[in-house]
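This report covers strand pairing, the nonpolar core and the cysteines of one structure. Please read it alongside the sequence and the coordinates.

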Protein chains: 2
Amino acid sequence: MVADPERLTRYECFRNLTVEQRKAIAETAEEVCFYQDHTLFKEGAAGETLFLLHSGEVQILYNIGEGGPAQVDTVSGNEVLGCSVLIEPFTYTSTARALTQSEALALDAAQLRVLMEQDCSLGYSIQKRLMQMLLDRITDLRLGS
Amino acid sequence: MVADPERLTRYECFRNLTVEQRKAIAETAEEVCFYQDHTLFKEGAAGETLFLLHSGEVQILYNIGEGGPAQVDTVSGNEVLGCSVLIEPFTYTSTARALTQSEALALDAAQLRVLMEQDCSLGYSIQKRLMQMLLDRITDLRLGS
């Protein structure tokens, strides 16, 4: 099922796109629902899906040294998960697991990457917001939060 | 003095641009030289210049908690310094100080941002590499290196 393009306006990285551009992205999207404890993606795996969370709570974990993955964050509400699927080498840099039943739009990362390459105004606009998110994460990591 | 556009090919984020695009960027650049202990930019200041280092060694410092800036890295060789001038809100997120006499190309950040907005293929190409650099930095910070 193709998603409603207007749903994308809930997420800042798609907000400055044209209606046509959002339509093209929505063609790559499908509604998904996760039960508690379901793993959305695993650190190090090939980045196949970008998740646009819209309900539920998801735990983000990283492998830090030995001893397996540690929880570093929980996200809920209208959040984008798995941004690294849009950055070479296109692998997940964290693990995401549903803490509660959750709903999201699942965007096909390979198709989205093709859209970004073919239409640089679309690519540029999405990247611009992703860069802000990455810079915010760097600031948080530095401050140890 | 306008810089030689071919100089930009030393830096990965400008390597995939066309000759014309590199020419346009070179128009915003000038050669600069720093003495030891000179501060290239300060954390929190408005991002006016992107530096393309080509000789010398530069210390990167961040304010972490109280007690003033701490050295977190030293860079040398063909490195790009001050990437955050291309990411909203366009301020420096670190302080850079010359550890030795150093030479760089200084790119006017405001002009570069205009070029990126006007020519999205140029903007997309530069951002693509910047995102990789940011993601690498996040990995390093996580691993505590």
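Two strands pair if DSSP finds at least two bridges between them. Helices (H or I, at least four residues) and strands (E, at least two) are DSSP runs, numbered from the N terminus. The model is predicted: local features need pLDDT of at least 70, side-chain atom pairs count only at pLDDT 80 or more, and totals for chains, interfaces and linings use all residues. Residues are numbered from 1 along each chain as its sequence is written, chains are lettered from A and ligands numbered from 1 in the order in which they are written, and side-chain values use heavy atoms, with hydrogens and water left out.

**Strands of chain B**

Strand β4 (residues 57–63) of chain B is joined to β7(B) by 4 bridges, and the two run antiparallel. Within this pairing, B:Leu61 is opposite B:Thr95 of β7(B). Strand β7 (residues 95–98) of chain B also runs antiparallel to strand β2 (residues 39–41) of chain B, through 2 bridges. There, B:Thr39 has B:Arg97 in β7(B) as its bridge partner.

Chain B also has an open sheet of 4 strands in the order β1-β8-β3-β6, with antiparallel pairing. Its edge strands, each paired on one side only, are β1 (29–34) and β6 (79–81) of chain B. Direction ignored, neighbouring strands of this sheet are turned by 30° against each other on average. The antiparallel pair of β1(B) and strand β8 (residues 102–108) of chain B has 6 bridges. In it, B:Phe34 has B:Ser102 of β8(B) as its bridge partner. Helix α3 (residues 109–118) of chain B packs on the sheet and touches β3 (49–55) and β8 of chain B; the helix direction makes about 50° with that of β8(B). Contact means heavy atoms within 4.5 Å. Axes are lines fitted to C-alpha atoms, for helices over the stretch in contact, and angles run from 0 to 180 degrees between N-to-C directions.

**Nonpolar core**

A nonpolar core is a set of buried Ala, Val, Leu, Ile, Met, Phe, Trp, Tyr and Cys residues joined through side-chain atoms within 4.5 Å. Buried means under 20% relative accessible area, exposed over 50%, and partly exposed in between (1.4 Å probe, protein chains only). The largest core has 95 residues, of which A:Phe14, A:Ile25, A:Phe51, B:Phe14, B:Ile25 and B:Phe51 touch the most other members. Leaving aside neighbours within four places in sequence, the contacts of A:Phe51 include A:Val32, A:Phe34, A:Leu40, A:Tyr92 and A:Leu105.

**Cysteines**

A disulfide is a pair of cysteine sulfur atoms within 2.5 Å. Over all chains, the structure has 1 disulfide. A:Cys120 and B:Cys120 form a disulfide with their sulfur atoms 2.2 Å apart. The pair crosses between chains, linking helix α4 (residues 120–143) of chain A to helix α4 (residues 120–143) of chain B. The link of A:Cys120 and B:Cys120 is right-handed, with 50° about the S-S bond.

Why is A:Cys13 without a bond to A:Cys83? The sulfur of A:Cys83 is the closest cysteine sulfur to that of A:Cys13, but at 6.8 Å it is too far for a bond. A:Cys83 is in no disulfide.

| Residue | Relative accessible area | Class |
|---|---|---|
| A:Cys120 | 19% | buried |
| B:Cys120 | 17% | buried |
| A:Cys13 | 3% | buried |
| A:Cys83 | 7% | buried |
| A:Asp140 | 40% | partly exposed |

A:Asp140 lies in helix α4 of chain A. Its C-alpha atom is 17 Å from that of A:Cys83, and the two residues are 57 residues apart along the chain.
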